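Trainee: I keep reading labels for parts of protein models and never know what earns them. Could we go through one and check each label against its cut-off?

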Amino acid sequence: MLTLVQEQAVEHSCSVVIPTCGRPAELDRCLGAVADQDYRNFDVIVVDNSDGNIETRRVAERWRARYVVEPKRGLCRARNRGALVSSADIIAYLDDDAVPEPGWLAGLARQFDDPLVMGASGRTVPLKVETESEQLFARVRGSAYNRSSELKIDRSNPYWFEICGFGGIGPGCNMAVRRKAFEVWPGFHERTDRGTPLYGGGEQHAFFSLVDLGYRVAYTPDATVRHPFPPTMDVLRSRHLRDLTASTAYFTMLLVEGRNHRVSTLKYLLEAIRGKRRTWRGAPESRPRIVSPARRLGALLLGPIRYIQGVLSTES
């Protein structure tokens, strides 16, 4: 196991990195909530994942955030760019449409008092639950990212691979990584997540790969972020299909590229097909049908194609 020596400080320095692409109104709301954090030692970096947007820049400057352009599309590429330009101890990440509560950053930063913790995530709750689609999504999603107890995972846990690799730590809209991790870790996999054909899996792959190196990741309910749920049924169906495709694209990537974990990946996949319940995921209130079985199957079969497209786009 690799070891990093860190001197304990009264308060970790933090950079809040917010990747964004063409959503200045959501970014403005997010930055307003970041400005209300109960934490002193932090700066804010807005990474514009486009060729540059004057309105986005104005919003960032109004809130005194550093504005950085990352023209090559990809959420994970923007995340890595934010870490590259930061000199803080901890890099905390938010989606541009997320709204952190005042104690969010302090809650995440406390997890890094443990020198073996390289990544952490927090509690994510809906911004609102009013429409039919928001209520349905809340029932399907269950309590996966809204647990009430802390969790720390390393390789001593027999289920570390499935918990870290398949969403058991938390979402990318509410997470942090120790900057020193980037000295021994290649960073977020840039062919995963939004802006790429694969479209998902960025934070899961990050947590899994950090633990695979011998470190520890954590979840805390003390770092709460509010995040929008799909506002209409059309948006919910589209997201559901997109996520199904992203899931099989991610599985394909792990099978092709995760040479040391192919058996574990196949085991997880077969258990999922059999309907095994993952106690760490949180049980949904119900499993209503969002799309037809035919559309569901089509979305799942599309995943390997999306993975291949991602590989080819990198090589071209």
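Mentor: Let's start with the second largest pocket of this predicted model. The largest share of its lining, four residues, comes from α7.

Trainee: What makes a residue part of the lining of the second largest pocket?

Mentor: Lining residues have an atom within 4 Å of a pocket point. Here 19 residues line the pocket, and His205, Phe208, Ser209, Asp212 and Glu257 lie nearest its centre. The elements that give two or more residues to that lining are α7 (202–212) and α8 (233–257). As for volume, the pocket has about 340 Å³.

Trainee: How many residues of that lining are nonpolar, polar and charged?

Mentor: There are seven nonpolar, eight polar and four charged residues.

Trainee: On to cysteines. How do you know how many disulfides there are in the whole structure?

Mentor: You search for cysteine sulfurs within 2.5 Å of each other, and the search finds zero disulfides. Take cysteine 30: its sulfur is 10 Å from the closest cysteine sulfur, in cysteine 173, so that is too far for a bond. Cysteine 173 is in no disulfide either, with the sulfur of cysteine 30 as its nearest, 10 Å away.

Trainee: Are cysteine 30 and cysteine 173 buried or exposed?

Mentor: Buried means under 20% relative accessible area. Cysteine 30 has 0%, so it is buried. Cysteine 173 comes in at 6%, so it counts as buried too.

Trainee: What makes a set of residues a nonpolar core?

Mentor: The residues must be buried, and their side-chain atoms must join them within 4.5 Å. The largest nonpolar core here has 40 residues, of which Tyr93, Cys164, Phe166, Phe188 and Val217 touch the most other members. Elements giving two or more residues to this core include β2 (42–48), β4 (90–94), α6 (160–165) and α10 (293–315). Apart from it lies another core, of 30 residues, with Val34, Tyr39, Ala218 and Val225 among them.

Trainee: Which residues is tyrosine 93 in contact with?

Mentor: Leaving aside neighbours within four places in sequence, its contacts include Val17, Trp104, Cys173, Phe182 and Phe188. Arg79 and Ala83 are among them as well, and both are buried residues of α3.

Trainee: Why is α3 called mostly covered?

Mentor: Count its buried residues: eight of its eleven are buried, so "mostly covered" fits. Those buried residues are Leu75, Cys76, Ala78, Arg79, Asn80, Gly82, Ala83 and Val85. They pack against β1 (14–20), β2, β3 (66–69), β4, β8 and α7.

Trainee: What about arginine 66, in strand β3? What label does its accessibility earn?

Mentor: Arginine 66 has 47%, which lies between the 20% and 50% cut-offs, so it counts as partly exposed. Not counting residues up to four places away in sequence, arginine 66 touches Val44, Ile45, Val46 and Val85.

Trainee: And arginine 64? Is it buried or exposed?

Mentor: Exposed means over 50%, and arginine 64 is at 79%, so it counts as exposed. It lies in the loop between α2 (54–62) and β3.

Trainee: What makes the phi of arginine 64 worth a remark?

Mentor: Most residues other than glycine have a negative phi. Arginine 64 is not a glycine, yet its phi is positive, about 60°. Aspartate 193 also has a positive phi, near 80°, and is not a glycine. This aspartate lies in the loop between β8 and α7, and at 2% relative accessibility it counts as buried.

Trainee: Let me try valine 291, in the loop between α9 and α10. At 10%, under the 20% cut-off, it counts as buried.

Mentor: That's it! Valine 291 touches Arg237, His240, Leu241 and Arg296, not counting residues up to four places away in sequence.

Trainee: Last one: how do you know which label fits arginine 262?

Mentor: Its relative accessibility is 35%, between 20% and 50%, so arginine 262 counts as partly exposed. It lies in helix α9 (residues 262–273). Beyond residues up to four places away in sequence, arginine 262 touches Leu254, Leu255 and Val256. Phenylalanine 251 is eleven residues from arginine 262 in sequence, and the two are 9.6 Å apart, C-alpha to C-alpha.

Conventions: Residues numbered from 1 in each chain as written. Predicted model: local features only at pLDDT ≥ 70, side-chain atom pairs only at ≥ 80, totals over all residues. Heavy atoms only, no water. Buried < 20%, exposed > 50% of the residue type's maximum accessible area, 1.4 Å probe, protein only. 1 Å grid on protein atoms, 1.4 Å probe; cavity = no way out; pocket = protein on both sides within 12 Å on 5 of 7 lines; lining within 4 Å. Points joined across faces, edges and corners; volume = space filled by probe spheres on them. Nonpolar A, V, L, I, M, F, W, Y, C, P; charged D, E, K, R; others polar. Contact = heavy atoms within 4.5 Å.
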